[in-house]
Amino acid sequence: MSLPSVPTLAIRSGPSGHHSMPVLGFGTAASPIPEPTMMKETVIEAIKLGYRHFDTSPRYQTEEPIGEALAEAVSLGLVRSRSEFFITTKLWCADAHGGLVVPAIKRSLKNLKLDYLDLYLIHWPVSSKPGKYKFPIDEDDFLPMDFEVVWSEMEECQRLGLAKCIGVSNFSCKKLQHILSIANIPPSVNQVEMSPIWQQKKLRELCSSNDIVVTAYSVLGSRGAFWGTPKIMESDVLKEIAEAKEKTVAQVSMRWAYEQGVSMVVKSFTKERLQENMNIFDWSLTEEETQRISTEIPQFRNLGGEVYISKKALTFPIGSVHHLMPVLALGTAASPPPEPIVLRKTVLEAIKLGYRHFDTSPRYQTEEPLGEALAEAVSLGLVQSRSELFVTSKLWCADAHGGLVVPAIQRSLDSKPGKYKFPIEEDDFLPMDYEAVWSEMEECQRLGVAKCIGVSNFSCKELQHILSVAKIPPSVNQVEMSPVWQQRKLRELCKSKGIVVTAYSVLGSRGAFWGTHKIMESNVLKEIAEAKGKTVAQVSMRWAYEEGVSMVVKSFKKERLEENLKIFDWSLTEEEKQRISTEISQSRIVDGEVYISEKGPIKSVAEMWDGEI
C-alpha cells in the first residue's frame with residue numbers, strides 16, 4: 001500500500017536556493033516530557049505512516065530518542081537515506097549568546113545523530129544565563145538578546161553547512177523586522193502559535209511579503225500541556241463544519257491552516273490520531289466555511305509566553321538597530337564624586353543583584369572605576385561577556401567641537417577620561433555647532449564605537465533642531481523627569497519621533513547640590529506609598545516606568561539597590577496615576593544655572609530650556 005503524500009513548501013536556503021519542507025510536521029513538545037522509549041517508538045510509527053518532517057528542541061528533551069528513531073528507520077529500510085527527512089531543532093535561550101550558537105547546534109546534531117539540520121530556529125526572542133538549562137527559567141537568569149550577534153552566528157551555522165535553512169520562532173512583527181534589517185541571510189521560517197482562534201493575519205502578511213514561511217504550532221490547542229486550551233476543539237463553528245463534512249474538529253483546524261498557506265507541527269502519540277492528521281489533503285473547505293472561521297471565531301492568544309517574562313529583564317529597543325536598553329540603570333553622578341573603590345564595589349554588587357545598565361560621564365569622574373568593575377564582573381563570571389551589559393557615557397562640553405568627538409569617545413572607551421574643570425568658568429562657554437557635533441556623533445555609530453547615539457538635557461526646540469540636521473536620529477533624550485517635573489510636552493515629542501526618554505532625578509537626587517526634597521516629602525506620594533505598602537521612592541520609580549520611560553537611579557547601598565528593583569511586579573491604579581498627574585505641583589529641579597553665563601551663549605534659565613520651565 002502506498003503511503004499518503006504530504007505536500008511540501010519551498011523555503012529559502014541561502015541567497016538564491018530553496019529547500020523543500022513537508023507541510024505537516026510531527027511535533028515533540030509535550031508536558032510532561034514523553035518517555036524516551038515511547039518517543040522513539042512513536043517516531044518510527046509516524047515514519048511508517050508517511051511522516052518525514054520532525055520538530056524538536058533541546059527544551060523538549062526529545063532530540064536523542066528522535067535521533068535513535070531516525071537512525072533505526074534508515075537501518076530498517078523504512079526510508080532510503082537521511083535526505084528523505086526534514087529535521088528542525090532550535091537554539092535554546094541559554095545558548096543565545098555570542099560564541100555559543102555554533103557549539104549549540106553541534107550538540108543538537110550529536111544528539112540527533114545527524115551531520116546537518118534542515119532547519120535551525122531561534123526558539124524564543126530572549127536569552128538566559130549561559131550554561132543553565134533549567135525550565136522554567138529562573139527570573140534572575142533572563143538576559144536581553146543581542147539579536148545582531150546571535151543572528152550573525154545563526155548565519156554562520158548555515159555557511160558551515162550545519163543547517164540547510166535558518167529561521168526564528170515566536171517572533172513578533174517588530175522583532176522579525178529587526179532581524180530582517182540586520183540579516184545577510186534572511187530567516188526562512190517563523191514558527192509561531194497559529195490556529196483558528198489566533199489567526200496571526202498581520203504577521204502572516206509580513207512573512208509573505210518577505211518570503212518567510214510560517215510554521216504553525218498549537219493548531220489543535222495543545223490540550224493536556226500546561227500552555228494548552230480546549231477552545232479549538234470546543235469551538236461551535238469548527239464543530240458545525242466538521243459535522244457537515246464528516247471530519248473531526250482537528251482535521252478542520254488543520255485543513256484551514258493548510259489552506260492558509262502555512263506549514264504546521266502537530267503532536268500525537270497514538271497511531272489513530274497520527275493517521276487522522278494525515279487525512280487532510282484530499283478535500284477542501286468551501287469559501288463560506290473559510291469565511292466563517294475567519295469572522296465568527298473570537299481571537300485569543302493561547303500561549304502568552306509568561307514563562308519567558310521577567311520583571312528584572314525589562315528593556316526598551318532603541319535606535320534604528322533596536323538595541324535593547326534595560327529600563328532601570330544604576331547612575332553614578334554624585335556630589336561629591338564617589339571614592340573609586342566604593343563605586344567599584346557598588347557596581348559589582350549591583351551586577352550580582354541583576355543590574356545590567358550603567359550610566360556614567362567624564363564629568364562624573366566615574367568612568368575608570370566603572371570600567372574596572374565591569375571587567376572584574378566578566379572575569380568572575382558574574383556575566384558571560386560584555387554583551388550582557390548596557391553602558392552609557394556622554395560627550396562633555398569641552399569636547400563638543402568638530403574634530404574632538406571621536407577622540408573623546410575613544411578616551412571614554414579606554415577609561416582615560418580627560419581632566420575637565422567643573423563648574424565651567426564663565427569665560428569658557430561657547431556656542432555649540434550642532435550640525436558639526438551631531439555629524440561626529442553619527443560617525444561614532446558608523447565606526448562601531450557606539451551602538452546608539454542620543455542627547456541629554458535637550459529641550460523640544462533643541463531636539464527638533466537635531467532632528468532637522470540628523471542622518472541618524474537620536475535614540476534617547478536623557479532628561480530630568482519625576483512626579484514633580486513630568487515633562488509631558490517633551491515626552492510627546494520624543495514618542496512621536498521614536499526617541500526613548502531616560503529619566504534622571506526620579507527620586508530628587510537628595511544630597512547632590514542640584515537635589516530636592518520635594519519628591520520624597522510629597523504628601524500625594526506618601527499617601528500612595530502607605531496604601532500600597534511601598535516606599536515613596538518605589539512609587540516614584542513605578543510611576544516613571546508606567547509612563548513608558550527608562551530611568552537612571554543612584555544608590556550606593558545594597559538595601560536601596562534591591563529596593564529599586566522591586567518596582568515591576570505591581571502597578572498603580574488609574575486613580576493613583578491621576579493623583580500624581582494632577583495634584584503634584586510642577587517645578588524643574590535641575591535649572592542648569594551652572595551652564596549659564598552673561599558672557600556665554602546661554603544667559604538665562606529660560607533660554608537654557610527654551611521657555612520649558
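**View 1. Glycine 548 comes just after helix 18 in this predicted model.** Welcome to the first close-up, where a helix has just ended. Glycine 548 follows helix 18, and its phi is positive, near 85°. Helix 18 itself covers residues 536–546 and is mostly covered, with ten of its eleven residues buried. Which residues of helix 18 are buried? They are Val536, Ala537, Gln538, Val539, Ser540, Met541, Arg542, Trp543, Ala544 and Tyr545. What covers these buried residues? Their cover includes two strands, strand 15 and strand 21, together with helix 16 (488–496), helix 17 (523–532), helix 19 (558–565) and helix 20 (574–583).

**View 2. Strand 15 is covered on both of its faces.** We now move to strand 15, which is part of the cover of helix 18. In a regular strand, side chains point alternately to one face of the sheet and to the other. Strand 15 holds residues 328–331, with Leu328 and Leu330 on one side and Ala329 and Gly331 on the other. These four residues are all buried.

**View 3. Strand 15 pairs with strand 21 and with strand 16.** Let us look at each partner in turn. Strand 21 (residues 550–553) pairs with strand 15 in the parallel sense, over three bridges. Here alanine 329 stands opposite valine 552 of strand 21. Strand 16 (residues 357–359) also runs parallel to strand 15 and is joined to it by three bridges. In this pairing, glycine 331 has aspartate 359 as its bridge partner. To get from strand 15 to strand 16, the chain passes through helix 11 (residues 340–353), making a right-handed β-α-β crossover.

**View 4. Aspartate 359 is a buried residue of strand 16.** Is aspartate 359 buried or exposed? Its relative accessibility is 2%, so aspartate 359 counts as buried, the cut-off being under 20%. The side chain of aspartate 359 makes a polar contact with the side chain of glutamine 478, at 3.0 Å. Leaving aside residues up to four places away in sequence, aspartate 359 touches Leu330, Gly331, Thr332, Tyr364, Thr392, Lys394, Gln478 and Val552.

**View 5. Seven strands form an open sheet with parallel pairing.** Step back a little to see how the strands line up. What is the order of the strands in this sheet? The order is 17-16-15-21-20-19-18. Strand 17 (390–392) and strand 18 (455–456) stand at the edges; each has a single partner strand, so one side of each is left without a neighbour in the sheet. Strand 18 runs parallel to strand 19 (residues 476–480), and two bridges join them. Valine 455 has asparagine 477 in strand 19 as its bridge partner.

**View 6. Cysteine 397 and cysteine 494 belong to a structure with zero disulfides.** Two cysteines are worth a visit here. The sulfur of cysteine 397 is 16 Å from the closest cysteine sulfur, that of cysteine 444, which is too far for a bond. Cysteine 397 is partly exposed, with a relative accessible area of 36%. Cysteine 494 is in no disulfide either; its nearest cysteine sulfur belongs to cysteine 460 and is 7.2 Å away. Cysteine 494 is buried, and its relative accessible area is 0%.

**View 7. Glutamate 598 lies in the loop between helix 20 and helix 21 (605–608).** Is glutamate 598 buried or exposed? Glutamate 598 is exposed, with a relative accessible area of 58%. Glutamate 598 and glutamate 426 are 172 residues apart in sequence, and their C-alpha atoms are 7.8 Å apart in space. Not counting residues up to four places away in sequence, glutamate 598 touches Glu426 and Lys603.

**View 8. The whole protein chain holds 21 helices and 21 strands.** To finish, here is the setting for the close-ups. The radius of gyration of the chain is 28 Å, close to the 25 Å that the globule rule gives for 613 residues, so the chain is as compact as a globular protein of that length. Its C-alpha trace spans about 95 × 50 × 45 Å along the principal axes. Of the 613 residues of the chain, 53% count as buried. Among contacts with a separation of 6 or more, 71% come from residues 24 or more positions apart.

Methods: Residues are numbered from 1 along each chain as its sequence is written. This is a predicted model: local features need pLDDT of at least 70, side-chain atom pairs count only at pLDDT 80 or more; totals for chains, interfaces and linings use all residues. Side-chain values use heavy atoms; hydrogens and water are left out. Buried means under 20% relative accessible area, exposed over 50%, partly exposed in between (1.4 Å probe, protein chains only). Two strands pair if DSSP finds at least two bridges between them. A crossover is right-handed if, with the strands pointing away from the viewer, the path from the first strand over the helix to the second runs clockwise. Contact means heavy atoms within 4.5 Å. A disulfide is a pair of cysteine sulfur atoms within 2.5 Å. A polar contact is a pair of N or O atoms within 3.5 Å; within protein, one must be able to donate a hydrogen and the other to accept it, and residues adjacent in sequence count only if both atoms are side-chain atoms. The radius of gyration is taken over C-alpha atoms; the globule rule is 2.2 Å times the number of residues to the power 0.38.
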